[in-house]
Structures are given as C-alpha cells and as structure tokens.
Amino acid sequence: MTPDESTFSAGRKESSVSKQNPTWISEWKPEDEAFWNATGKTVAKRNLIWSIVAEHVGFSVWLIWSIVATKLPQAGFHYTTDQLFQLVAIPGLIGSLMRFPYTFAVTMFGGRNWTIFSASVLLIPTLGLAYFVSQPDTPFWLMLLVASTAGLGGGNFASSMANISFFYPDRMKGWALGLNAAGGNIGVSSVQLLTPILMGVGLINLYQATPVAGVYLQNAGLMWVLPLIVAVFGAVFFMNNLTSAKSSFKDQLAIVGRKHTWIMSFIYIGTFGSFIGYSAAFPLLIKTQFPAVTLGIAFLGPLVGSLSRPLGGLLADKIGGAIITFWNFIAMGAATIGVLYFVGIKDFTGFLVMFLILFVTTGIGNGSTYRMIPSIFREENLRKAQGKGEAGRALAMKTASIESGAALGFIGAIGACGGYLIPSGFGKSIAVTGGPQLALEIYLAFYATCLALTWWFYLRKSPVASGATSLAEARV
C-alpha cells in the first residue's frame with residue numbers, strides 16, 4: 001500500500017468510526033492536512049467544546065471559597081482575617097498537587113474517561129460546602145479540610161489541557177489551548193459573579209438552613225450540581241479517547257529530567273500562578289482594603305484575565321511565544337507598581353484599573369507561555385533526530401507530542417501553586433504589616449526574575465549556550 005493509499009485508508013476509517021462516536025479513536029493524524037480537513041477538525045472541535053464545559057465547572061468549584069470566605073463572618077463564623085485567607089488559599093495548594101496525577105491520567109485512562117471521573121468527583125466539595133457552611137460552630141480545622149476538597153476542581157485543568165493538546169495540529173495548538181484554558185478560566189468569573197447573587201435566593205435549600213442576614217451560604221455549593229451533571233453527560237456522549245495518546249507513566253515521567261520543564265514551570269507560576277492567585281484573593285483583598293466597596297465587582301478581574309488568554313495564544317502563534325511572554329512580564333511589573341501606589345493612597349478607582357490591567361497581562365502571559373511548551377519540546381526532539389531521516393523525524397514528533405502533553409500538565413501543576421502562595425502571601429503581609437504592600441513587592445521581584453529567565457533561555461542568541469541559540473532562532 002502506498003503512503004497516499006495508507007493516509008486515505010486511515011482517514012476513511014476515522015471518518016467511519018467518528019460518525020459512530022466511539023469511545024476510542026485508533027487513528028489520529030492532525031498534522032495530515034487532508035485528514036484534518038476531512039474528519040479531524042470536526043472531532044477535535046467537539047472534544048474541545050465539552051472539555052471547556054467540564055473545565056469551566058472545575059474552575060468554578062475550585063474558586064468557590066474566594067467568595068464564601070468573605071461571607072463567613074456575616075454568617076456567624078468567628079475566624080480571623082488570616083484564617084479566612086487560608087480558606088481561600090488551601091484549594092489552590094490542593095489543586096496544584098492534584099494536577100500531577102491528573103497530568104498523567106489522560107494517557108493512562110483516556111481523555112474522555114478521565115473527564116467523566118474528574119467531573120463526577122466534584123460533587124464532594126459542592127455538597128460538603130453546602131452542609132458545613134450552615135453549621136456556624138464548625139471548627140476552623142474542619143472547615144479548612146472541607147475547603148481543601150475544592151482543590152479537586154483545580155486538577156481538571158491539567159488533564160484537560162494535556163488531552164486537547166493531542167487533538168490539534170502544532171500550528172493551531174496556541175489558539176486551541178488558549179480557548180480551552182480561557183473557557184475554564186472564565187469559571188472563576190462565573191463563580192464570583194453568580195455566587196453572591198444566588199446566595200441571596202432561597203429557591204434551592206437542600207438542608208433547609210435558616211439564612212443568616214439574608215444569605216443562603218449553602219447555595220454556593222448546590223448551584224453547581226446541575227452543571228456538573230451536564231458536564232458528565234457531555235463527556236459520556238460527545239467526547240473520545242485517543243489510542244495515539246496512550247503512553248506509559250515511565251515515558252511521560254521523562255519530562256521531569258528536562259531542564260525546560262522546570263524553567264517553564266517557574267515562568268508559569270508568574271503567569272497562571274498570578275492569575276489564579278489574584279483571582280482567589282481579589283474579593284477578600286477588596287473587602288479588607290476597601291470595606292465600603294461591593295464585592296459584586298470582583299468578577300471583572302478574572303473575566304478580563306480569562307478573555308485575554310486566547311489573545312496571548314494567538315499572538316504567540318503569529319509572533320512567537322517567548323517574545324510575547326518577555327514583553328508581557330514588563331507590563332505585569334508596571335501594573336504591579338501601579339497597584340502598589342494606589343493601594344497605598346487608598347484610591348479604589350486607580351487600584352481597580354491597575355489590577356484589571358494586571359489581570360489582562362496574566363491572561364496574555366498564560367496563553368503565550370502555554371504556546372511555548374509544545375514548541376520547545378518539538379524543537380528539542382527534532383534537534384536530537386537530525387540525520388536520522390524521515391523515520392527519525394516521525395518518531396521525534398510523536399515523542400514531542402507525548403512529552404509536551406505531559407509537560408503541559410506538569411508545568412500547569414507547578415504554576416497553580418500561585419493559587420496558594422498569593423492569597424497566603426497577602427494574608428501574612430496584612431497580618432504582619434497591616435497592608436498587602438510587602439506581598440506585592442515580593443511578587444514584583446518574582447516577575448523581574450521571570451523576565452530574565454525568558455530572555456536568557458528563549459530569546460538570547462549568544463552562541464555560548466547552544467540550547468538557547470536554537471530555541472531563540474526557532475521563535476518558540
């Protein structure tokens with residue numbers, strides 16, 4: 001059979017099984033333009049849509065406590081400000097830890113299968129929250145444990161991004177991953193916009209708890225039960241597993257030994273870590289620094305950060321991820337200085353504008369850094385395959401696909417640590433100094449370090465470091 005006949009046969013087979021919506025797809029060649037246009041694009045789009053739905057709900061559950069914590073004192077819970085920030089921060093820590101096993105789960109169990117599981121287990125934090133927030137005598141340690149289960153929602157991102165990376169050709173990964181991530185990230189805005197509204201409505205009240213000061217705190221958990229059922233249904237009937245994405249744990253674990261995995265992890269703490277950390281801390285930060293301002297405005301930060309993420313991916317596709325990331329860190333630093341100034345003089349308008357700019361830059365940086373990861377692993381593997389012919393190149397591309405999928409999740413896991421570090425940092429800063437300025441100054445220094453790393457490893461063209469040179473020339 002000739003190569004053309006083989007490609008046609010594979011495409012025909014895929015077209016046939018896709019119409020039946022199989023659990024597993026045995027042939028998947030997104031880099032083959034004929035295959036992609038004939039069947040791949042449609043199947044990939046369907047999986048992307050339902051991946052976004054599941055991830056959106058996952059992010060919403062992950063950030064529930066960013067709003068609930070602000071209402072606990074009003075509901076009769078006697079926790080300190082630092083303890084409230086801990087309740088906001090602990091889901092971030094657990095979510096980042098959960099991303100490690102979630103990263104490797106897709107290639108071991110299948111993207112569809114894992115989406116079904118990961119969406120189903122979110123009933124634990126939602127129902128747990130609904131019960132315990134109606135018990136004002138709940139000790140802090142137990143409430144902290146309940147809040148930690150919301151971290152299960154943070155794990156979804158790693159598996160979702162790893163899964164979608166297998167469906168799309170390299171030239172479209174920035175845009176596809178940006179859309180997937182943005183759809184999930186907007187879940188932060190959803191939970192911060194809808195939760196305060198629905199906590200004031202007693203239409204759904206599973207435990208018949210009496211509202212305190214007109215607030216039905218349990219609704220913050222119950223409101224996500226129906227969306228979770230929809231997400232599970234969509235994954236069962238409309239998503240697929242790819243046999244080409246199957247890989248052993250050992251093969252994926254190879255990325256731990258790659259230096260770029262750790263460099264990009266550090267950089268990603270600066271972008272996504274900032275997004276999720278600021279998103280979690282923003283409502284409580286507003287409440288502590290500007291008590292007269294309504295929390296209903298807090299959703300704007302995560303919203304603009306989420307919407308700007310696909311833009312970062314698109315710009316990275318066209319210009320180069322490292323270039324966008326470099327200039328973005330400069331903008332993040334400038335916005336942080338602006339926040340520092342306006343929080344110091346207690347000017348809420350300036351504070352809000354600067355923070356919204358900061359959120360936009362976290363979104364753009366998220367998109368551009370995630371575009372860099374597949375490009376880096378592709379270039380590294382292709383360089384190793386030089387002189388080995390087409391067979392070597394094909395093997396290098398397959399290896400790069402597996403490694404970049406694992407790296408996306410692994411790097412996302414480490415980056416998510418910002419979800420704990422930033423709220424916790426604000427809490428400690430306020431407890432020690434009376435304000436958030438010390439924490440912001442530390443974050444500013446961190447952005448400067450990320451800026452230097454981006455230039456040194458991915459933009460510097462000095463022949464002193466051959467790896468840096470080749471990656472700079474490749475415009476990763």
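Visitor: Why are H4 and H19 called roughly antiparallel to each other?

Guide: In this predicted model, helix H4 (residues 81-109) and helix H19 (residues 418-433) pack at an angle of about 165°, with their axes 7 Å apart. Angles over 145 degrees count as roughly antiparallel, and H4 and H19 are therefore placed in that class. H4 passes H19 in a left-handed crossing.

Visitor: Which residues in H4 and H19 meet, and what classes do the residues of this contact belong to?

Guide: From H4 the residues include Asp-82, Phe-85, Gln-86 and Leu-93, while those from H19 include Tyr-420, Pro-423, Phe-426 and Lys-428. By class, the contact of H4 with H19 has nine nonpolar, five polar and two charged residues. Gly counts as polar under the scheme used, so Gly-92 in H4, and Gly-419 and Gly-427 in H19, belong to the polar class.

Visitor: What makes H13 roughly antiparallel to H17?

Guide: H13 and helix H17 (residues 348-384) pack at an angle of about 155°, and their axes are 9 Å apart. Set against the cut-off of over 145 degrees, that value makes H13 roughly antiparallel to H17. H13 passes H17 in a left-handed crossing, and the residues of their contact divide into 20 nonpolar, nine polar and one charged.

Visitor: Which residues touch the most other members of the largest nonpolar core, and which helix gives the most to this core?

Guide: The largest nonpolar core has 119 residues, of which Trp-65, Leu-72, Phe-351, Phe-426 and Tyr-458 touch the most other members. Helix H13 (residues 259-289) gives the most to this core, with 15 residues. A second, separate core of eight residues includes Trp-50, Ala-119, Ala-235 and Met-239.

Visitor: What is Phe-351 in contact with, leaving aside its neighbours within four places in sequence?

Guide: With those neighbours left aside, Phe-351 is in contact with Phe-282, Leu-285, Ile-286, Phe-290, Val-339, Phe-342 and Val-343.

Visitor: Why does Lys-346 count as partly exposed?

Guide: Lys-346 has 47% relative accessibility, and because buried means under 20% and exposed means over 50%, with partly exposed in between, Lys-346 counts as partly exposed. Lys-346 is found in the loop between helix H16 (321-344) and H17.

Visitor: What is the phi of Lys-346?

Guide: Lys-346 has a positive phi of about 60° although it is not a glycine. Most residues other than glycine have a negative phi.

Technical notes: Residues numbered from 1 in each chain as written. Predicted model: local features only at pLDDT ≥ 70, side-chain atom pairs only at ≥ 80, totals over all residues. Heavy atoms only, no water. Core = buried A, V, L, I, M, F, W, Y, C linked by side-chain atoms within 4.5 Å. Buried < 20%, exposed > 50% of the residue type's maximum accessible area, 1.4 Å probe, protein only. Helix = DSSP H or I, 4+ residues; strand = E, 2+ residues; numbered from the N terminus. Contact = heavy atoms within 4.5 Å. Axes fitted to C-alpha atoms, helices over the stretch in contact; angles between N-to-C directions. Parallel < 35°, antiparallel > 145°, perpendicular 65-115°, else oblique. Left-handed = near helix turned anticlockwise from the far one by under 90°.
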